[in-house]
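Trainee: I have a structure open here and would like to talk it through with you. Could we take it topic by topic?

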Amino acid sequence: MTKNKIKTIVMVVAIILALALAAGWIAQTVVNKQKQETPETETSGNFTVEPESNKLMRLTAMPLSANDGIATQAEEAFVITATALDENGDKLAEQQLFDWSMAWANSANGNVTNYVTMTTSGNKATFTCKQAFTTQIIVTCASKLNSSATATATLDYYCRISDVRAKLANDTEKSICSSPVITVEFPSNYSGGITNGDWMTRNLNWGRNVVCGPGSIANSVNAVTFEFVPSDELKSIYKGGYGSIQTFNAVTAADSSMQQIDSYAYFCASAVSGATIGSLTGQSTLYYVLQAYSATDNQYTVNVTVHPKYGDAQTYSYTLNIEVAATQVKDVNIDNSSHVF
């Protein structure tokens, strides 16, 4: 192979490598610009912001904490930073002067500053949420030196969990936000065995309805956890059977059957360490548990914690009082007009 051919091959390879590097640089530049112009939502508690960027201005948001000097509702505050750009997407150091404003996205009652406060300092603005709001708020940042350079950010508030309505067995739903005492009747006849259908179909619907407060955007529930804490009196009175009355936990996922968790039989078996559903041990344990329930009131403190998709988990508690029925009557047919009830 001649020297000229070798030089030609080397030159061609060099050109190909240069073109590949140039193509990679151009592609990366395009990706970076697309990232700059794509809104990135930031969330602080239930307060959320979606900043906008364009060819002439970039807005970025950062959640703040108590360490940043936010005195009230420290978990729900942001600082938004504005950067003026030239046509190539580079920072214009001499044009970092801005005007800031905020307003409701559409007609809404009340002054927007009653819900969110804005404090500006040059290219930065701090937004602190004072209370839940139901209409989006639009923040506008405009360059003082270039009237065509503006960008906006959208403020939203995810609905905060405000209550859980518990439905035990066939009872009506009750709010548990005020820590009520909820009484449920427990049938004492278990002659058919702990696994019989009458037991297993009586579900404890601990909180089928999670209630949300006001907000501009809907929230959802990831999971609900339950902690059953027996009273000292119940633990001391329980005698015989197997194991001991204990604190136990349960978790439900956010699906169509959320919070429809334990049957009475499972509840009693789980409340006693070592009990097994359907076993002779479980049936013996149930007998002694029923005796302990009969001798006590307000047997459990139930802590219900709702874990929302956005915002902090909320915990509600109520007292569970189980009354044991003396008898269980089924399939009674009365056909006598002289009997009046």
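Trainee: Is Cys177 buried or exposed, or something in between?
Mentor: Cys177 is partly exposed, with a relative accessible area of 44%, where buried means under 20%, exposed over 50% and partly exposed in between, using a 1.4 Å probe and protein chains only. This is a predicted model, in which local features need pLDDT of at least 70 and side-chain atom pairs count only at pLDDT 80 or more, while totals for chains, interfaces and linings use all residues. Residues are numbered from 1 along each chain as its sequence is written, and side-chain values use heavy atoms, with hydrogens and water left out.

Trainee: And Cys129, buried or exposed?
Mentor: Cys129 is buried, at a relative accessible area of 1%.

Trainee: How many disulfides are there?
Mentor: The structure has zero disulfides, a disulfide being a pair of cysteine sulfur atoms within 2.5 Å.

Trainee: Switching to strands, which one does β4 pair with over five bridges?
Mentor: Strand β4 (residues 77–84) pairs with β7 (residues 124–129) in the antiparallel sense; strands are DSSP E runs of at least two residues, numbered from the N terminus, and two of them pair if DSSP finds at least two bridges between them. The bridge partner of Phe78 in β7 is Phe127.

Trainee: What is the strand order in the open sheet?
Mentor: The order is β3-β4-β7-β6, with antiparallel pairing, and the edge strands, each pairing on one side only, are β3 (57–63) and β6 (116–121).

Trainee: Which residues do ring pairs link into a cluster?
Mentor: Phe78 appears again there, linked with Phe47, Trp104, Tyr115, Phe133 and Tyr157; rings of Phe, Tyr and Trp (its six-membered ring) pair if their centres lie within 6.5 Å, and planes under 30 degrees apart count as stacked, over 60 as edge-to-face and the rest as tilted.

Terms used. Helices (H or I, at least four residues) and strands (E, at least two) are DSSP runs, numbered from the N terminus.
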